[in-house]
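The following exercises are to be worked with the sequence and the structure at hand. Each task is followed by a solution in steps.

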Amino acid sequence: MSNGYIFASIAAMALTTYFIRMLPMAIFRKKIENRWIRSFLYYVPYVVLSAMTFPAIFSSTGSTLGASLGCAVAIMLAYFNKGLLTVAVGAAAMAFIVQFAGM
Amino acid sequence: MKLEEIKEGIKDGLPIALGYFSVSVAFGVSSVGAKVPWWGATLISLTNLTSAGQKAGVDVMAVGGSILLIVLTTLIINMRYFLMGVSMSQKVEERMPVWQRLLVAFGITDEIYAVSMGKKHDLTACYMAALIIPPIFGWTGGTLLGSVATNFMPAVLADAMGIALYGMFIAVIIPPSKESKKVLSAVVMAILLSVMFTYAPYIKNLETGWAVIIITIVVSSVAATLFPVKEGADIE
């Protein structure tokens with residue numbers, strides 16, 4: 001792999017990614033008043049994150065059982081309003097225990 | 001006040017940085033496996049700050065694909081950031097100057113976006129800077145470590161780390177779903193469609209990046225039409 005190709009590829013990836021992120025931030029500088037659009041945007045975070053998490057979370061570790069139990073722990077901790085770190089570590093700890101036990 | 005914002009940002013940014021660190025070690029290891037040198041992998045992480053898009057880009061580089069293909073792949077996988085950027089543009093303080101908005105834009109990742117949207121208040125530049133900078137270090141540092149010292153982490157530990165970032169997403173989704181039937185309905189619709197896009201014949205072949213975009217547009221449109229938020233209510 002030549003250095004020229006590596007630099008060109010990295011520049012292409014970085015510029016494309018930044019362009020996608022920058023465009024809406026540059027365009028929508030005023031609060032949007034339209035009720036439907038505001039409602040749409042209200043739901044976007046929950047929908048995006050749900051779609052990205054399920055069902056992908058079940059294959060996110062070496063074992064499906066570990067991932068499933070880790071997911072259950074995460075949902076339980078989140079249900080009781082535990083913080084991001086607690087939920088993330090709880091899920092990973094559960095997945096680790098299951099895998100370490102060789103299940 | 002500003003010091004408070006910075007403290008709050010760092011407090012929220014550190015867990016993301018830790019999660020990124022472990023995930024990016026794996027990215028570093030796999031990049032070297034794909035014949036990208038350690039400095040290339042590190043530079044990719046520093047300039048892209050995204051997981052799936054980088055992985056796909058490196059996969060194309062590994063087979064010597066064209067720059068156009070790299071651009072298209074990155075575009076499809078990262079297109080969701082456009083939608084996130086629109087809602088982020090509404091969540092930052094209205095008086096935030098353009099140059100600060102353009103800097104904040106660099107930090108729109110799934111996790112930073114998730115944390116930002118979970119805030120009850122509008123986002124200030126100080127808070128966003130403090131939220132974004134630790135993850136940049138975590139992501140880039142992990143990649144550097146992973147690419148220079150491959151295989152130093154026990155596989156079982158690295159494996160278990162894979163679920164950590166999903167755990168953060170769950171922490172954002174669940175509390176509002178408990179409070180609001182409208183949010184819960186949107187979440188359930190999104191999950192059902194996502195399962196369909198993963199397993200149903202034919203459509204399962206669609207690039208994950210496209211599936212997420214389609215699901216987001218369809219479900220958010222349906223939810224906005226069936227359950228519009230109150231007039232004048234703040235977008236949270």
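**Exercise 1.** Determine how R80(B) and D110(B) interact, and state whether the two residues are buried or exposed.

*Solution.* The model under study is a predicted one. Step one is the distance: the closest N and O atoms of R80(B) and D110(B) are 2.8 Å apart. A salt bridge requires a separation within 4 Å, and R80(B) forms one with D110(B). Step two is the location: R80(B) belongs to helix α5 (residues 80–91) of chain B and D110(B) to helix α7 of chain B, so that the pair, 30 residues apart, links distant parts of the chain. Step three is the surroundings: R80(B) and D110(B) are both buried.

**Exercise 2.** Describe the salt bridge between E8(B) and K119(B), and find the network to which the two residues belong.

*Solution.* First, the closest N and O atoms of E8(B) and K119(B) are 2.8 Å apart, and the two residues form a salt bridge. Next, the positions are compared: E8(B) lies in helix α1 of chain B, whereas K119(B) lies in the loop between α7 (110–117) and α8 (125–148) of chain B, 111 residues apart. The accessibilities follow. E8(B) is partly exposed at 24% relative accessibility, while K119(B), with a relative accessible area of 15%, is buried. Finally, salt bridges with shared partners join E8(B), D12(B) and K119(B) into one network.

**Exercise 3.** Explain what places K55(B) and D59(B) about one helical turn from each other.

*Solution.* Begin with the contact: K55(B) and D59(B) form a salt bridge whose closest N and O atoms are 3.1 Å apart. Then consider the helix: the two residues are about one helical turn from each other because they are four residues apart in helix α3 (residues 52–62) of chain B. As to exposure, K55(B) is partly exposed at 38% relative accessibility, and D59(B) is partly exposed with a relative accessible area of 39%. Over all chains, a search of the whole structure finds six salt bridges.

**Exercise 4.** Identify the backbone features at K35(B), at Y202(B) and between F54(A) and P55(A).

*Solution.* The background comes first: most residues other than glycine have a negative phi, and most peptide bonds are trans. K35(B) has a positive phi, near 75°; this residue sits in the loop between α1 (2–33) and α2 (38–48) of chain B and is exposed, with a relative accessible area of 64%. Y202(B) also has a positive phi, near 65°. Its place is the loop between α11 (181–199) and α12 (208–226) of chain B, and Y202(B) is exposed at a relative accessible area of 75%. In chain A, F54(A) and P55(A) are joined by a cis peptide bond with omega about 0°. P55(A) occupies the loop between α2 (35–53) and α3 (64–79) of chain A.

**Exercise 5.** Characterise the fold of chain A and the contact between chain A and chain B.

*Solution.* Chain A contains four helices and zero strands. Its division is into domain 1 (1–31) and domain 2 (54–103), with C-alpha centres 33 Å apart. The radius of gyration of chain A is 20 Å, whereas a compact globule of 103 residues would have one near 13 Å. Turning to the contact, 69 residues of chain A and 106 residues of chain B take part. Together the chains bury about 8000 Å², of which 74% is on carbon and sulfur atoms. Between chain A and chain B there are zero salt bridges.

Methods:
Residues are numbered from 1 along each chain as its sequence is written. Chains are lettered from A and ligands numbered from 1 in the order in which they are written. This is a predicted model: local features need pLDDT of at least 70, side-chain atom pairs count only at pLDDT 80 or more; totals for chains, interfaces and linings use all residues. Side-chain values use heavy atoms; hydrogens and water are left out. Domain bounds come from an automatic or database domain assignment. The radius of gyration is taken over C-alpha atoms; the globule rule is 2.2 Å times the number of residues to the power 0.38. Contact means heavy atoms within 4.5 Å. Buried area is the accessible area (1.4 Å probe) that two parts lose on being put together, summed over both. A salt bridge is a side-chain nitrogen of Lys or Arg within 4 Å of a carboxyl oxygen of Asp or Glu. Buried means under 20% relative accessible area, exposed over 50%, partly exposed in between (1.4 Å probe, protein chains only).
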